[in-house]
Amino acid sequence: MSEIIAVMNQKGGCGKTTTVVNTATSLAVMGKSVLVIDMDPQGNATTSFGIDKTKLENTIYDAIIGDVSVKKVTIPTFIKNLFIVPSNISLSGAGVELSKKENYHIVLKETLKDLPPLFDYIFIDLPPSLGVITVNALVAADSVLIPIQAEYYALEGVADLINTINLVKKRLRTPVPIKGILLTLYDKRTRLSKDVYKELKNHFGSTNLLFNTVIPRNIRLAEAPSYGKPCLIYDPESTGTKAYLSLAKEIIECDGGN
């Protein structure tokens, strides 16, 4: 059964795109059929797979405004089982255009309606904001994955995000369960990282919302996008690669191990 997972946090620099690219790749090499939907105008997920975002004929923007079908925009990556709906700066005006539409919040859901049967997992990479695009993703998604960096204001940020998810649920009547909260950029050498992890466990440990997997601060994860490769391809033996493989296994186990 297919699942659409929105990866979101209104704070930048918390590892959203890194998580989308490397979790999707890990699931794909495990034999799952995976689609990445790049909903960020910066197009970082797109370039992370070595795609030149300046030379794209069509992007997710063309699909959500109705110029082309989303299937036409979907292209294979160089990784078996892994596809992407790419993005570039053209998406930056989508928020304004969507807000003018009646029932603007369901545009992305309607755009993606024919895709779920084709994939085991669909990941939506979102910009660091809580605007119209993010609301559309919440309505379209089956669940939300929240990456949180091991920094001081992380808990405050996730509380705001959970409030937003609950607000969308209340006003639009579209409940979106939290798939999990993922600690990223963890540095076991620092007291701050350990304190943030402890606080997360105190807040969410009893709810089963916190992933067991922790993503370390890892130079290979940071380097890989500049080579247009997920970390699993760039350095299969890095600690970052192993962490995302662990996360992929945890997700599969969470879904019943199928």
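Is R191 buried or exposed? Select R191 and you will find it exposed, with a relative accessible area of 67% (buried means under 20%, exposed over 50%, partly exposed in between, with a 1.4 Å probe and protein chains only). Before going on, note that this is a predicted model, where local features need pLDDT of at least 70, side-chain atom pairs count only at pLDDT 80 or more, and totals for chains, interfaces and linings use all residues. Residues are numbered from 1 along each chain as its sequence is written, and side-chain values use heavy atoms, leaving out hydrogens and water.

Now add D195, whose side chain meets that of R191 in a salt bridge at 3.7 Å, N to O (a side-chain nitrogen of Lys or Arg within 4 Å of a carboxyl oxygen of Asp or Glu). D195 is partly exposed, at 37%. The two sit four residues apart in helix α9 (residues 191-204), so about one helical turn separates them (helices are DSSP runs of H or I with at least four residues, strands runs of E with at least two, numbered from the N terminus).

Next, select D187 and R189, another salt bridge at 2.9 Å, N to O. Here D187 is buried at 13% relative accessibility, while R189 is exposed at 72%.

Then move to D255 and K179, whose closest N and O atoms are 2.5 Å apart in their salt bridge. D255 follows α12 and K179 belongs to strand β7, so the pair ties together parts 76 residues apart in sequence. K179 is buried, at 11%; D255 is partly exposed, at 31%. Add E3 to see a network of salt bridges linking E3, K179 and D255.
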